[in-house]
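Colleague: I am new to this structure and would love a close look at a single part. Could you walk me through the salt bridges and what surrounds them?

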Amino acid sequence: MSNYEVFCVTIKKVIIMKTKKILILFLTAIICITQLSCKKNKDSDEPVPETKQYLPATILVQNGNTAATIHNITFDYNADGSLSSINQVISSATINWTFNYNQNGTLNTASYSHSTSGNILFSLSYDGNDRLNKVDKNDGTSDVLNLNYLAGSNTYVGSGGDLDGVRIKLNSDKQMENMQNWIFGTDISIAYQNSEKGIFADVNLDESVRVFLNLYNGYHMTHSFYHSKQLSSVVYGTNTYIFQNYNKNDNGYISSYQRVNAPDVPRDYSVTYKEQ
């Protein structure tokens with residue numbers, strides 16, 4: 001075989017070897033891309049875990065000594081987790097609240113009915129920053145409370161109507177911290193355990209709803225101030241109420257607790273939730 005023929009054979013072998021390597025690399029790349037694609041498809045097919053909300057459905061308040069029922073409250077909600085109604089059964093009457101909202105989530109109107117004393121319609125107004133600035137209470141006669149918001153202290157100051165002079169201060173979680181000169185001039189201060197969830201932790205409570213209900217719902221000690229953090233104590237006028245003996249359900253939400261204020265009889269609270 002001539003030198004030229006040997007050269008040609010050598011060149012052919014080199015070309016064949018390089019071609020094989022290129023084919024191997026090409027096939028390896030295709031396999032890797034296919035596997036990555038399958039992995040991505042598998043990942044995208046996996047369902048995204050749902051975030052569940054646990055909204056209080058009922059609160060039962062009982063005499064801590066006799067277990068006699070004092071209050072029985074039920075709550076209903078809109079699809080976005082905001083309150084749609086509250087029904088309170090007390091010893092002498094049934095009280096019902098229904099709520100309607102503006103498109104931005106602020107409270108528009110609230111209707112109150114009492115089985116023995118009639119109905120009241122509340123209409124709410126807001127300033128240019130969507131801060132509550134007026135509540136018109138109408139039970140046949142209009143009673144208007146104007147509210148001035150003080151941003152520096154996160155406080156609403158009321159003037160006019162039955163609650164003239166009332167002041168309600170919110171903390172950084174938009175929960176009521178204290179209220180001054182409420183009904184009959186009563187002052188209220190609240191302490192929270194901020195590391196623990198409260199009963200209303202998952203409820204969509206706009207600031208306007210918190211302010212309104214703390215001003216106008218007269219059964220605060222039953223509802224526990226619509227708190228999203230766990231209550232520790234409440235100073236109510238000259239009385240100090242301690243909240244203790246908290247128990248949690250399997251989902252980590254408060255299922256029961258007790259309120260004490262010597263020499264008053266202790267009150268036991270039991271809470272159920274609805275998943276939404």
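Modeller: Happy to; here is a tour of the charged pairs, with a short stop at the nonpolar core. This is a predicted model, in which local features need pLDDT of at least 70 and side-chain atom pairs count only at pLDDT 80 or more, while totals for chains, interfaces and linings use all residues. Residues are numbered from 1 along each chain as its sequence is written, and side-chain values use heavy atoms, with hydrogens and water left out.

Side chains of opposite charge can pair when their charged atoms come close. Searching the whole structure for salt bridges (a side-chain nitrogen of Lys or Arg within 4 Å of a carboxyl oxygen of Asp or Glu) turns up five.

One of them joins E275 to K52, with 3.7 Å between the closest N and O atoms. Because E275 sits in strand 16 (residues 267-275) and K52 in the loop between helix 1 (3-45) and strand 1 (54-63), this pair ties together parts that are 223 residues apart in sequence. Helices (H or I, at least four residues) and strands (E, at least two) are DSSP runs numbered from the N terminus. K52 is partly exposed, at 44% relative accessible area; buried means under 20%, exposed over 50%, and partly exposed in between (1.4 Å probe, protein chains only).

Next come E207 and R131, whose side chains meet in a salt bridge at 2.6 Å, N to O. This pair also links distant parts of the chain: E207 belongs to helix 2 (residues 207-216), and R131 to the loop between strand 6 (118-126) and strand 7 (132-138), 76 residues apart. E207 is buried, with 10% relative accessibility, whereas R131 is partly exposed at 24%.

K137 and D162 form another salt bridge, at 3.7 Å from N to O. Here strand 7, home of K137, is linked to the loop between strand 9 (155-159) and strand 10 (167-170), where D162 lies, 25 residues apart. K137 is buried at 18% relative accessible area, but D162 is exposed at 61%.

Now for the core. The largest nonpolar core has 60 residues, and L83, W97, F122 and F212 have the most contacts inside it. Such a core is a set of buried Ala, Val, Leu, Ile, Met, Phe, Trp, Tyr and Cys residues joined through side-chain atoms within 4.5 Å. Helix 2, which holds E207, gives the most to this core, with six residues.
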